[in-house]
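This report concerns one strand and its surroundings in a single model. Please keep the sequence and the coordinates at hand while reading.

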Amino acid sequence: MTERNAMTDLSTNTALREPCVPGLFSEDEGPLLHGARCITCSTPYFPRVAHCRNPACAASHIVSCTFGGEGRLWSYSVADFAPPPPHRYDKPFVPYAIGVVDLDSGLRVVGQMVDPVESMRVGARVSLVIEPIHHDEGKAFTSWKFKLLDR
Ligand SMILES: [Zn+2]
């Protein structure tokens, strides 16, 4: 088995996948971000918050909820150089896009884009995915990312 095939197997074998940060997202029932929403003013939050931050909100009433599905790429930036420690990445470093996505559920969230930098287009439809950020110790460490739908 080549090294590349080994990485692909780690990426798809759920037993060998581990979230970079536990509790922020899950993938057992499809890719989902674990956030919250204020039921008084409907403001969505990710990650979860203890109190509503909307200054116009009459009464903070936060409930846990999940966000997933599709959205639209509002803007993006390109990471042209490797992030400094403690960030980890698979070597050699490949430049990637960081997107700001408006999910259809109303949440605006930042995430790494799966597709090559050259294919980014503001306004493009995207879907939330859980994908490896880096591989280490026989595991694929995952995070939330966004994938273009209409490439
Ligand atoms: Zn509120």
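What follows describes the nonpolar core, and then the strand β7 with its partners.

The model is a predicted one, in which local features need pLDDT of at least 70 and side-chain atom pairs count only at pLDDT 80 or more, while totals for chains, interfaces and linings use all residues. Residues are numbered from 1 along each chain as its sequence is written.

The largest nonpolar core (buried Ala, Val, Leu, Ile, Met, Phe, Trp, Tyr and Cys residues joined through C-beta atoms within 7 Å; buried means that 20 or more other C-beta atoms, placed from the backbone, lie within 10 Å of the residue's own) has 20 residues, and Leu33, Phe46, Val101 and Val109 have the most contacts inside it. Strands here are DSSP runs of E with at least two residues, numbered from the N terminus. Among the elements that give two or more residues to this core are β3 (32-38) and β10 (139-148), but the largest share, three residues, comes from β7.

The covered face of β7 holds Ala97, Gly99, Val101 and Leu103, whereas Tyr96, Ile98, Val100 and Asp102 form the uncovered one. In a regular strand the side chains alternate between the two faces of the sheet.

Strands pair if DSSP finds at least two bridges between them, and the pairings of β7 are tabulated here.

| Strands | Sense | Bridges |
|---|---|---|
| β6 and β7 | antiparallel | eight bridges |
| β7 and β8 | antiparallel | five bridges |

Val101 has Val109 of β8 as its bridge partner, and in the hairpin of β7 and β8, with four residues between the strands, Gly106 takes a positive phi near 105 degrees. Beyond its neighbours within four places in sequence, Val101 is in contact (C-beta atoms, placed from the backbone, within 7 Å) with residues including Trp74, Val109, Val126 and Phe146.

Technical notes: A residue is buried if 20 or more other C-beta atoms lie within 10 Å of its own, exposed if 12 or fewer, and partly exposed in between; C-beta atoms are placed from the backbone. Two residues are in contact if their C-beta atoms, placed from the backbone, lie within 7 Å.
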